[in-house]
Amino acid sequence: MDLMPSLTIREIPEDVLKKMRRAAKQQRRSLNSQALQWLEHGANEWRKTTEIRDLLEAIRNTRESMSRRLGRGADSVELVRAMRRRDES
């Protein structure tokens with residue numbers, strides 16, 4: 001059987017430990033299982049944030065590239081106003 005890696009965490013703030021104990025009790029988990037659950041959740045949230053940041057950066061780069069090649073383009077607000085004026089006449 002392969003041994004799983006372990007981690008020792010020192011100087012845990014007392015309020016964090018109390019919250020973790022309370023959550024573990026409510027979820028009927030051991031303190032260790034609760035800590036693992038919180039670590040996994042935090043890692044997933046960090047990954048999502050990183051992926052969103054990367055996606056936004058790719059969108060910005062694409063927009064800037066298109067703007068350099070094709071020009072700024074028309075303002076959509078002005079286009080809508082012009083369409084409304086045309087429909088009113």
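This is a short chat about a pocket and some salt bridges in a predicted model.

User: Anything to know before I look?
Analyst: It's a predicted model, where local features need pLDDT of at least 70, side-chain atom pairs count only at pLDDT 80 or more, and totals for chains, interfaces and linings use all residues. Residues are numbered from 1 along each chain as its sequence is written, and side-chain values use heavy atoms, with hydrogens and water left out.

User: OK, how many salt bridges are there?
Analyst: The structure holds three. A salt bridge here is a side-chain nitrogen of Lys or Arg within 4 Å of a carboxyl oxygen of Asp or Glu.

User: Which residue does Lys48 pair with?
Analyst: Lys48 pairs with Glu45, and their closest N and O atoms are 3.3 Å apart.

User: Where do those two sit?
Analyst: Both are in helix 2, three residues apart, so about one helical turn separates Lys48 and Glu45. Helices are DSSP runs (H or I, at least four residues), numbered from the N terminus.

User: And what does Glu51 bond with?
Analyst: Glu51 forms a salt bridge with Arg47, with the closest N and O atoms 3.4 Å apart.

User: What about Glu57?
Analyst: Glu57 has Arg60 as its partner, at 3.5 Å between the closest N and O atoms. Those two also lie in helix 2, three residues apart.

User: Is Glu57 buried or exposed, or in between?
Analyst: Glu57 is partly exposed, with a relative accessible area of 39%. Buried means under 20% relative accessible area, exposed over 50%, and partly exposed in between (1.4 Å probe, protein chains only).

User: How about Arg60?
Analyst: Arg60 counts as partly exposed too, at 36% relative accessibility.
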